[in-house]
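Please look over the chain below before reading on, and keep the model in view while the text moves from a single helix to the wider fold.

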Amino acid sequence: MARLDEQRRELAMNFRFNRATPNELTPSQARLFVRSLQTSWQVPPIAWAARESHEQFDDARRLLHAAGIFRETDGSGSLTSLDCYRRAAELLEWLARASDAVTRDVPVALLAAGAYQLAGLPAMATGLLRQGRYGGGVAEIFAAFLSADFDLLLRESVEFWKDNPALTGREGSAALLAADEDPGIEKDEPARDDDHVDVEPARDGSKIGWYVVVELVRAVGLIGDSLRRGNEGRLTQAITKLSTLSELTTRLASDELWILVNLLEATARRFAANSLHSRVAALAMRAPSQQPRMWRFAREQFARGRGVLWTSQVQGLERLIANDSFALCTPTGSGKTLVANLALVKELLLANVQPGHAPLALYLVPSRALANEVESKLIAELGNDLIVTGLYGGTDWGITDYWLTADRPVVLIATVEKAEALMRYVGHLLVQRLRLLLIDEAHQVVSESDANAQEALASHTSRSMRLEAMVSRLLTIKPDVSRIALTAVAGGAAIPVARWMEGRADASPVGLGYRSSRQLIGGLRVHPRRAPEAVLDIMNGQTLYVRGRDAPVYLPLRIPVMPLPAAVIRNSLPHYNQLYVLWTALHLIEGKRRVLISIAQSPERLMKRYAEAFDLPGWQNAPSFVTPANSEDVARLQEARAACIDYCGADSFEVRLLDRGIATSHGQMPQRLRRLMTDLIDRKICPITLATATLTEGVNLPFDIIFVTSLARPIRESAAFGPD
């Protein structure tokens, strides 16, 4: 048996090398990837044959089989199995986005979502299924399960049983097996993912297949309810049922249905292992009287879709349970907020404190925008248990403020500048209650070795020095305080930040290297007489290769060529490139993309150029802004426009751009107007955003594409209308 396992593993390893090497695509995989992007962005795709789609689907099936071998020989979390699951999921996703007809019984998007779950990339699974590429009917139930949306899963399950009341009695699905029909009949015509396919191969054909589907609905419904409630006994029974169905489909059902059942079973086991309930129960052992409240906390997180933990969250919570101080270094959108919230619960609600000495947590953030987001989220989730207050920007406060003397736990959210002022005036009141120090975007403490950093240090405006000095004073006064650093863009700062937090030379960061979604970095290649193309150089932090070729992966956008501007614009390379970025963005939003154009310097100048661009010859043919149909969205847009006129003027660049569906945000914009603009972006009312880094620093916003018009930033900003 050991010899057989070695042979199977060797075969799987060879296939992984040929088809699933990380950040390396075969030529056919690269073409499928490009084609899927073109289809998603609604630009004409490259030539492609149906035979190629079936070849890629066959490769995905083999990769899933190889991943299963690696799970048996190397373990479920082995890099070899994760690589195979990821590439299989990518191939299936690209086939789904291109609406290729490669399956008969099961929508290919469901198979892609299951593979992404097993690759440890739940955000990719959820993002794909939210686009509705799996049809309807019973597929809705399995899509909700693979998205870990258990409330939706139960609602869809209830509707299913309402439509099939005969299957809810004591006999269950046994009556389905009584029919004397050939269980091997399958439909002849392949199904497209956009044809509303139901995962019901059996009502019209195989009774065994329909029996399996019904029992799958029964099992995943029970799993979803058991996960929400933390009922381990019923959860184990339901997973055992899935395992039995997997054995049955191996012999009697279609190959696609067998793959789906196996993916559902493995995903269910992953959900059970990564459930929030077990981590919350471990924390609640510190204060048994708080166990009911902790159970409700976990239940609330399941209702918000956060009950099944991601890889970075599992690592973070394991460190939180074992230690009081550490650094969590993962990209934005990978679940740091939940870890921070549970750190607050651990130190403020589960701590053993003396009566009259309510604990306090200081939450340091780098910007007012992030402080506002953190405050609103904490109030929504923990506002009934904690006093949550924010001191940042122009917010006033005094010695009589309620939080200073309240006999309830307090979370104080502040920028570094406000925290310094607090320490000077009420430091003695703050320090004696301080139990937890949370530092968001902590990588800023590691100063850049460039001219800007030297200039800031010489002028005493260095934020990194100010943050380090502030935290060092706190740790000197209260060395035993718990401290947790959160950072999204760690890079070389990860290890120094971890050592700083833990106070040990051998400290290591948590979550380093994990990405919850796919990140592509490249360039926009433009030409005066040809359509632009996107050159894709880096994927997930590593160089992207096409096997056997030196040329990078490129994406022909096939959009209209930008009308040739006047010579004064053509002779200014920055001006010409900036206009081409806007022209490209206007055509990409037709595919429902959300685009951010990032400004490194002089936002007023770029807003002027973009506002005037629509008056250039030929720009009247550019796609126009479509006013939202939802009345609430229209009201938000009108409110933002009225505030924009009030603050900036009716003829301002901000108003002219907003009328074109382009939101703006920069450091000189009043706080209220910035909040209104952020709301338009968050609700996806404005498809294009023009903003400086003050908008995006640590804030989660729904952008699909980010254009960086310039990588250069001078030491001193030039005048708004100065030369390039």
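**From one helix to the whole chain**

Glu373 and Lys377 both belong to helix H16 (residues 368-382), where they stand four residues apart, about one turn of the helix; helices here are DSSP runs of H or I with at least four residues, strands are runs of E with at least two, and both are numbered from the N terminus. This is a predicted model, in which local features need a pLDDT of at least 70 and side-chain atom pairs count only at pLDDT 80 or more, whereas totals for chains, interfaces and linings use all residues. Residues are numbered from 1 along each chain as its sequence is written, and side-chain values use heavy atoms, with hydrogens and water left out.

The side chains of Glu373 and Lys377 meet in a salt bridge, at 3.4 Å from N to O, the term standing for a side-chain nitrogen of Lys or Arg within 4 Å of a carboxyl oxygen of Asp or Glu. Side chains of opposite charge can pair when their charged atoms come close. At 15% relative accessibility Glu373 counts as buried, while Lys377, with a relative accessible area of 32%, is partly exposed; buried means under 20% relative accessible area, exposed over 50%, and partly exposed in between, for a 1.4 Å probe and protein chains only.

A search of the whole structure finds 43 salt bridges. One of them joins Asp83 to Arg16, with the closest N and O atoms 2.7 Å apart. Because Asp83 lies in helix H4 (residues 79-97) and Arg16 in helix H1, this pair ties together parts that are 67 residues apart in sequence. Asp83 counts as buried at 18% relative accessibility, and Arg16 counts as buried at 18% as well.

A further salt bridge brings together the side chains of Lys346 and Asp324, at 3.0 Å from N to O. This pair links distant parts of the chain, 22 residues apart, with Lys346 in helix H15 (residues 336-349) and Asp324 in the loop between helix H14 (311-322) and strand S2 (326-329). Lys346 is buried, with a relative accessible area of 2%, whereas Asp324 is partly exposed, with a relative accessible area of 38%.

Helix H1 also leads to a polar residue in a loop. Asn23 is found between helix H1 (2-19) and strand S1 (24-25), and at 8% relative accessibility Asn23 counts as buried. What does Asn23 touch, not counting residues up to four places away in sequence? The residues that Asn23 touches are Arg87, Met539, Asn540, Gln542, Thr543, Leu544 and Tyr545, where contact means heavy atoms within 4.5 Å. With Met539, the backbone oxygen lies 2.3 Å from a polar atom of the Asn23 side chain.

The protein chain as a whole has 28 helices and 16 strands. Buried residues make up 54% of its 724 residues. Of the contacts with a separation of 6 or more, 72% are between residues 24 or more positions apart.

The remaining topic is the space between the atoms. On a 1 Å grid over the protein atoms alone, a cavity is a set of points where a 1.4 Å probe fits but cannot get out, a pocket is an open set with protein on both sides within 12 Å along at least five of seven lines, and lining residues have an atom within 4 Å of a point. Two cavities of 30 Å³ or more are present, and the largest holds about 80 Å³. Its lining consists of Leu364, Val365, Pro366, Val416, Ile439, Asp440, Glu441, Gln444, Arg463 and Leu467. The elements that give two or more residues to this lining are strand S3 (360-365), strand S6 (434-440) and helix H20 (463-477). The second largest cavity holds about 30 Å³, and the residues lining it include Leu586, Phe625, Arg660 and Ile688.

The second largest pocket holds about 530 Å³ of space. Its lining has 18 residues, of which Leu64, Gly68, Tyr85, Trp258 and Asn262 lie nearest the centre of the pocket. Helix H3 (50-74) and helix H11 (255-273) each supply at least two residues of this lining, and the largest share, eight residues, comes from H11.

Methods:
Points joined across faces, edges and corners; volume = space filled by probe spheres on them. Polar contact = N/O pair within 3.5 Å; in protein donor to acceptor, adjacent residues only side chain to side chain.
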